[in-house]
Amino acid sequence: MIYGINDGLVASFVLLIVVVAEGLIALYLSRTGRAHPKIRKIAGLEAIEEAVGRATEMGRPITYTTGLGGIRDQVYYQTIAGLNILGYTAELAAKYNARLIYFPYDPTIIPMAVDVMEQAYIRAGKSEAFNRDNIQYLGGDQFPWAFGVLGAMHREQSAANIHMGPFWAESLILSESGFYTGAIQIAGTANYHQIAFFVVAADYALIGEELMAAGAYLSKDPTSIGSLWGSDWAKITSIALTILAVLLTAAGVTALLDFFAL
Amino acid sequence: MSLVVKRYIPLAITFVMGIIMVIATYFLEIGSPARDATTLLTGTVDVIVATAGVIGLIVLLRHHGVNVSRRGKYWKYSTITIIGVITYLIVAVYGVAIQGRYLMVASEPVSWVYNQLYAHMDATIFSLLAFFIASAAYRAFRLRSLEASVLLLVGALMLLGRAPIGGVMWEGFPNIATWLLNVPNSAGMRAITIGIAIGAILLAIRQLMGVERGYLGPER
């Protein structure tokens, strides 16, 4: 152990502290009104309202999935991000009187999804329109679940398909078969090996961190948006460190590389 | 349910557990009693998962049961689902009865159903992915824009570099494909990965501080 920190994690801890500090400072500045960061438009999130409106006009439902995530895996943060967008979508669906069907993969998120959707219907002033039957559990295995969703998309002739969360091989199955139903498709994942499939097959795609930023973006809450500003600082720090490490290594100085190995 | 139970207690649990996990990862040595204790703590998730499994089963049976009783849309499919679930449950209980094993250990009848039915159907579904890839590639590789043209060019080079015929045609194709994978592809992927990691840390901060709580229940 070095300075009480486990071996191999010293640099990771220092960088974590830097990123957290940048996030907290940005959050503090926006909460106290000392800074008013602006956020660029994210086309995929802006398109959700269009998708819900289209579903209302066509009288057909919207299908929503949060991928293969639950609360027990390492990609839970993507599931949480997906649930945040589910709340926004459910509120729009309630407002426009469109039917939203959600297909959870992991049973651990069913109670959370019920709460999120119920809250959304209450916010829209349509609590009586909330129907628990629109949360349909299809089983917790990858391909049976994916084909359950696919079957539902075809049977219900959904007007919009939204997939937000951790996806693996089923990403293309869902988005490509959804394309053949003629639905508008919005998808996002932080599983970088699946991003290409969504970019190719969906109408709008959220790439990586855009998914995590969605909750803050949709809330329009200045404090949350402030933390996104902090993530920009962290990215600038990462880029600066990378360039510095390249220059120092080229000059024969390995101090920074040695530090990263700690 | 009061706001304290529904909102503040979950937020407090989230915050405390988050801090404990950070401390355990960085400061507690692997194999130390304190680290083992935190591992045990994460084991409590299994209890939640086991309970949630029952909730999932109830939600599934309720949904399809209601559909069958109302002769709703596609009620025949719902009947098949219910029969499937109940049959598998019976097989599992029968397996436990004849082999005296715990439910978590797959008995012979359960393994048989899994290997003879499920595995084949699963593989069939997975293999359909090849056709989906082909149709998606056809649409993506059409020369509609500059980006699609670059995608087409890179895709063609990758195909020639990875398929045996490419190397026969010109020995440079495999090298180009390897370079494309190792240099521009790796650079792009690493940039995305760094962005995702930072985004995940900031999302965790928003959750630990209770700034982002869209995943919690109604505020009433």
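Two strands are taken to pair if DSSP finds at least two bridges between them. On that basis, this predicted model contains in chain A an open sheet of five strands, ordered β2-β1-β3-β4-β5, with parallel pairing.

**The sheet of chain A**

The edge strands of the sheet are β2 (100–103) and β5 (204–207) of chain A, each of which pairs on one side only. Between neighbouring strands the average turn is 10 degrees, direction ignored. Strands of a sheet pair through backbone hydrogen bonds, in either a parallel or an antiparallel sense. In this sheet, strand β4 (residues 184–189) of chain A pairs with β5(A) in the parallel sense, over four bridges. Ile186(A) stands opposite Tyr204(A), a residue of β5(A). Across β4 and β5 of chain A lies α7(A), which runs at about 165 degrees to β4(A).

**Division into domains**

Both chains are divided into domains, as the table sets out.

| Chain | Domain 1 | Domain 2 | Distance between C-alpha centres |
|---|---|---|---|
| Chain A | residues 10–36 + 222–260 | residues 43–218 | 32 Å |
| Chain B | residues 3–129 | residues 130–208 | 35 Å |

In chain B, the contact between the domains takes six residues from domain 1 of chain B and seven residues from domain 2 of chain B. Helix α1 (residues 3–27) of chain B gives the most to the domain 1 side of this contact, with three residues. By class, the residues on that side of domain 1 of chain B comprise three nonpolar, three polar and no charged.

**Helix α9 of chain B**

Helix α9 (residues 172–208) of chain B has 37 residues, which at 1.5 Å a residue should span 54 Å. Because the expected span is 1.5 Å times one less than the number of residues, the value to compare is the separation of the end C-alpha atoms, which is 52 Å and agrees. The helix α9(B) bends by about 40 degrees at Ser186(B). After α9(B) comes Gly210(B), which has a positive phi, near 75 degrees.

**The contact between chains A and B**

The two chains meet through 60 residues of chain A and 47 residues of chain B. On the chain A side, the elements that give two or more residues are α1 (10–31), α3 (76–96), α4 (110–123), α5 (142–156), α6 (170–180), α7 (192–201), α8 (209–219) and α9 (222–250) of chain A. The side of chain A that touches chain B has 35 nonpolar, 17 polar and eight charged residues. Helix α7 of chain A thus appears in two settings: α7(A) lies across β4 and β5 of chain A, and α7 (192–201) is among the elements that give two or more residues to the side touching chain B.

How values were computed. Residues numbered from 1 in each chain as written. Chains lettered and ligands numbered in written order. Predicted model: local features only at pLDDT ≥ 70, side-chain atom pairs only at ≥ 80, totals over all residues. Nonpolar A, V, L, I, M, F, W, Y, C, P; charged D, E, K, R; others polar. Domains from an automatic or database assignment. Bend = angle between axes of the 7 residues up to and from the residue. Axes fitted to C-alpha atoms, helices over the stretch in contact; angles between N-to-C directions.
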